[in-house]
Amino acid sequence: MLTRRNFAARFGLAAATARLLPEMAYAQRAAINGSDLPKDMVWLNANENPAGPPPVSLAAMQQALPTSGRYHYQEFREIYATIAKSEDLSSNQIVTGCGSSEVLHTSVDAFTSSTRPLISVSPAYEGPIELARALGRPVILTKLREDYTADVRMLAEEADKAHGGLIYVCNPNNPTSAITTAKEIDWLVANLPANTTLLVDEAYLHFGESPDLKTALPYVRQGKDVIVTRTFSKIYGMAGLRVGFAAARPDIIERLTPLRMNVISIVSARAVVAALGDRENIVRERRASLGHTRRELCAWLREHNVKFIEPQANFIMIDVGRNAREFINTMPRMGVAPGRPFPPLDNLLRVTIGTDPEMAKFRDVFWKVYKT
Ligand SMILES: Cc1ncc(COP(=O)(O)O)c(C=O)c1O
């Protein structure tokens, strides 16, 4: 078991600090802190789900709280089995983590080395990339295509040149909200170079409506060199509860398991199990509600001739036609906090899809800045 203390001893302070990076880098509230910020700020900066945990999960957590003085180790076999079963997997095909961040980190740790790079696109979700860099592992980032999608052939080529490595595909991608199609993932799995593992981060998968977007879990069931990560932070609205999991072949899971911290919180685990009990309804309703709000926003942007990348996640990249930093700096003072900059996509502003009233306020504030 890897504890915080022996992790620091093994990899040095820089690497240990990398463990904390998501908190600092992605809790962007810190970046836009200030006493002059409006109290009723609309936070559209961290791709959270405004619906929060479903009521069944809130009730389960209330019940769990008084018993949280114990570790509850004896319950986890069943909890893991429930999570695995929800995706037609066996318990030995998953490992849970503190959010999907933890299992992304263990994957990078186990499947990259000083000679085996992490290979991804730029920009992609920074968590795995920052960790690889902090561990001193080589990182190769390929360019997105004109339509902001990942070039899977280029990813495979880089892995081939390096004689193996870990290819990280975030699908849908953060920050672009664009997808890698099922056909392209299929090609990539069929053409993985030797010593190469594919890591597919499906944090936002449930929000996608494109028929070309499919989960990579079938490849896990087929025993391919593929790891799929999922999180309860997004569609389930449990970002603060910190639960995610990786799905992979049992021998891959065996390599990841010793690198994780420990079991997850029993309060969070009970919330997850309760949500999985009503999974189909929860996912269907939330997906429909997000889809409705997202379509309205897209229609408004089109009406106003504002370009954007067709979104498949719970956020959208809007082309503001000039450096987006102006919006990032100005909008919070007007009560709406958009995402951070994502170089090299300097003219694009990432905006999380919030509630309908939140998006009404977003449109109002965005338009005032856009018109100036
Ligand atoms: C693509 C992607 N993967 C993983 C994560 C990590 O989230 P969590 O650790 O809450 O599962 C995030 C967070 O925003 C993300 O955008």
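Here's a quick tour of the ligand shell, a small sheet and a few helices in this structure. Keep in mind that you're looking at a predicted model. The ligand has 15 residues around it, and helix H4 supplies the largest share of them.

**Around the ligand**
- If you want to zoom in, start with Gly99, Ser100, Ser101, Thr231 and Ser233, the closest of the 15 residues that surround the ligand.
- Helix H4 spans residues 99–111 and puts three residues into the shell.
- Sorted by class, the shell holds nine polar residues, five nonpolar ones and one charged one.

**The three-stranded sheet**
- Three strands make an open sheet, running in the order E9-E10-E12 with antiparallel pairing.
- Strands E9 (307–308) and E12 (348–352) sit at the edges, so to speak, each pairing on one side only.
- Strand E10 covers residues 315–319, and five bridges join this strand to E12 in the antiparallel sense.
- To find your place in that pairing, look for Phe315, which stands opposite Thr352 in E12.

**Helix H5**
- H5 takes in residues 126–134, and its buried residues include Gly127, Pro128 and Ile129.
- Further along H5, Leu131, Ala132 and Ala134 are buried too.
- Just past the end of H5 comes Gly136, with a positive phi of about 80°.

**Where H3 meets H10**
- Helix H3 (residues 76–85) and helix H10 (residues 266–277) have axes that come within 10 Å of each other.
- The two axes cross at roughly 40°, so H3 and H10 count as oblique to each other.
- As for handedness, H3 passes H10 in a left-handed crossing.

Definitions and conventions. Residues are numbered from 1 along each chain as its sequence is written. This is a predicted model: local features need pLDDT of at least 70, side-chain atom pairs count only at pLDDT 80 or more; totals for chains, interfaces and linings use all residues. A residue is near a molecule or strand if its C-beta atom, placed from the backbone, lies within 6 Å of it. Helices (H or I, at least four residues) and strands (E, at least two) are DSSP runs, numbered from the N terminus. Ala, Val, Leu, Ile, Met, Phe, Trp, Tyr, Cys and Pro count as nonpolar, Asp, Glu, Lys and Arg as charged, and the others, Gly among them, as polar. Two strands pair if DSSP finds at least two bridges between them. A residue is buried if 20 or more other C-beta atoms lie within 10 Å of its own, exposed if 12 or fewer, and partly exposed in between; C-beta atoms are placed from the backbone. Axes are lines fitted to C-alpha atoms, for helices over the stretch in contact, and angles run from 0 to 180 degrees between N-to-C directions. Angles under 35 degrees count as roughly parallel, over 145 as roughly antiparallel, 65 to 115 as roughly perpendicular and the rest as oblique. A crossing is left-handed if the near helix is turned anticlockwise from the far one by less than a right angle, and right-handed if clockwise.
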